[in-house]
Amino acid sequence: MKSLFYLLTGIFWSLTFTCCNNPSKNSGSNAIDKIAIYDNGVNIAYTDSGKNDTTLLFVHGWCINKSYWTNQTAYFGKKYRVVAIDLPGFGESGKNRKDWSPMAFSRDVDSVIKQLDLKKVILIGHSMSGDVALQAAVDNPKQVIGLVVVDIFRNVGKVYVQSKQDKIQYAKDIDSLKRYFKKVTFDYFNQELFYKTTSAAVKKRILHDVAIGDTSIAAACMEQMGDFNEIAKLKATKTKLYLINSDIKPTDTTHLSANKIPFKLLHIHATGHFPMIEKPQEFNTLLDKAIADIKTR
């Protein structure tokens, strides 16, 4: 199943996408768990804390949930309104639909912004939710004032040509993922998403959430990724992109510069794919810098 590892590596480290779960009782001190938002009949669980005219809206990545932003909710909730959501299919949100594409998830974010009447929104999307947050920024130009992506967009703008054989192999890889989900994902996370500094407790937590997630939905997320032109979308947002990426793998910003897309790359030192829980204090400091820069624009 080696080819699947290459496929997933490309998805996580180069593109973006999201989902899995471990329903959380509470996503941060003073955060209130709610299930009161609906997108086409599917409920969206979220936490809402803090008070400010600026809202930080956190969107989790593949096979995790809103509780991964607990430290950020507690820290930033003292200064801003903070909303963290469970994407449908994961955590405590509903599963009663069949569309698990980035566009469907971005419409969920649109619903949160609309139904909570959020005015000045800074979107923070981890991993697969980089595309989700990006599309939501395109959809809500009046409300979204900033876009931050976490450990993703490492080769944004690079063109990958898929041959007929590539597509056949992709289908086989997805089939392997569906049939041997736990083994494939555990092997992949251990080999590619964890770093030597990732603690045993963090690894245990993440793998537990992968194990208890809805494997059919998680696999469908990968199967329904489709094509998503990040460069075109970034141009459409007309806003600066902030990247908070681990420095253990390179981030190629060539195409951002070539397309005259404003960006700021903030490196977090020596973490795996989950910097917000691996080094929360350092992550919060970098996010603070991004927010301060956004608010001065």
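A salt bridge is a side-chain nitrogen of Lys or Arg within 4 Å of a carboxyl oxygen of Asp or Glu. In the predicted model described here, one such pair is formed by the side chains of glutamate 92 and lysine 66, with 2.8 Å from N to O. This salt bridge links distant parts of the chain, since glutamate 92 lies in the loop between E4 and H3 and lysine 66 in the loop between E3 and helix H2 (70–76), 26 residues apart. The two partners also differ in their surroundings: glutamate 92 counts as partly exposed at 30% relative accessibility, whereas lysine 66 is buried, with a relative accessible area of 0%.

The count of salt bridges in the structure comes to 16. Among them is the pair of arginine 81 and aspartate 48, whose side chains meet at 2.7 Å, N to O. Arginine 81 belongs to strand E4 (residues 81–85) and aspartate 48 to strand E2 (residues 42–49), so that distant parts of the chain, 33 residues apart, are linked. Aspartate 48 has a relative accessible area of 11%; because buried means under 20%, this residue counts as buried. In a further salt bridge, the closest N and O atoms of lysine 249 and glutamate 192 are 3.8 Å apart. Because lysine 249 lies in the loop between strand E7 (241–246) and helix H10 (254–258) and glutamate 192 in helix H6 (residues 181–193), this pair ties together parts that are 57 residues apart in sequence. Lysine 249 is partly exposed, at a relative accessible area of 26%, and glutamate 192 is likewise partly exposed, at 22%. Salt bridges also join Asp39, Arg97 and Asp108 in a network.

The chain as a whole contains 12 helices and 8 strands. Of its 297 residues, 57% are buried. Among contacts between residues at least 6 apart in sequence, 76% join residues at least 24 apart. The accessible surface comes to about 12500 Å², and 51% of this area belongs to carbon and sulfur atoms.

Helix H4 (residues 129–139) is largely enclosed by the rest of the structure, because 9 of its 11 residues are buried. The buried residues are Ser129, Gly130, Asp131, Val132, Ala133, Leu134, Gln135, Ala136 and Ala137. Their cover includes three strands, E3 (54–59), E5 (120–126) and E6 (144–150), together with helices H3 (102–115) and H9 (230–237).

Aromatic side chains form a further set of interactions, with 10 aromatic pairs in the structure. One of these, tyrosine 75 with phenylalanine 76, is edge-to-face, with 4.7 Å centre to centre and 90 degrees between the planes. Tyrosine 75 is partly exposed, with a relative accessible area of 32%, while phenylalanine 76 is buried, at 0%. By contrast, the pair of phenylalanine 189 and phenylalanine 274 is stacked, because the ring centres are 6.2 Å apart and the planes lie at 25 degrees. Phenylalanine 189 is in helix H6 and phenylalanine 274 in the loop between strand E8 (263–268) and helix H11 (275–278), so this pair ties together parts that are 85 residues apart in sequence. Phenylalanine 189 counts as buried at 0% relative accessibility, and phenylalanine 274 is buried with a relative accessible area of 1%. Both residues belong to one aromatic cluster, formed by Trp62, Phe181, Tyr188, Phe189, Phe194 and Phe274. Elsewhere, the charged end of arginine 205 sits over the ring of tyrosine 68, 4.1 Å from the ring centre.

Key:
Residues are numbered from 1 along each chain as its sequence is written. This is a predicted model: local features need pLDDT of at least 70, side-chain atom pairs count only at pLDDT 80 or more; totals for chains, interfaces and linings use all residues. Side-chain values use heavy atoms; hydrogens and water are left out. Buried means under 20% relative accessible area, exposed over 50%, partly exposed in between (1.4 Å probe, protein chains only). Helices (H or I, at least four residues) and strands (E, at least two) are DSSP runs, numbered from the N terminus. Contact means heavy atoms within 4.5 Å. Accessible areas come from the Shrake-Rupley method with a 1.4 Å probe; for residues, only the protein chains shown count as cover. Rings of Phe, Tyr and Trp (its six-membered ring) pair if their centres lie within 6.5 Å; planes under 30 degrees apart count as stacked, over 60 as edge-to-face and the rest as tilted. A charge sits over a ring if NZ of Lys or CZ of Arg is within 6 Å of the ring centre and within 35 degrees of the ring normal.
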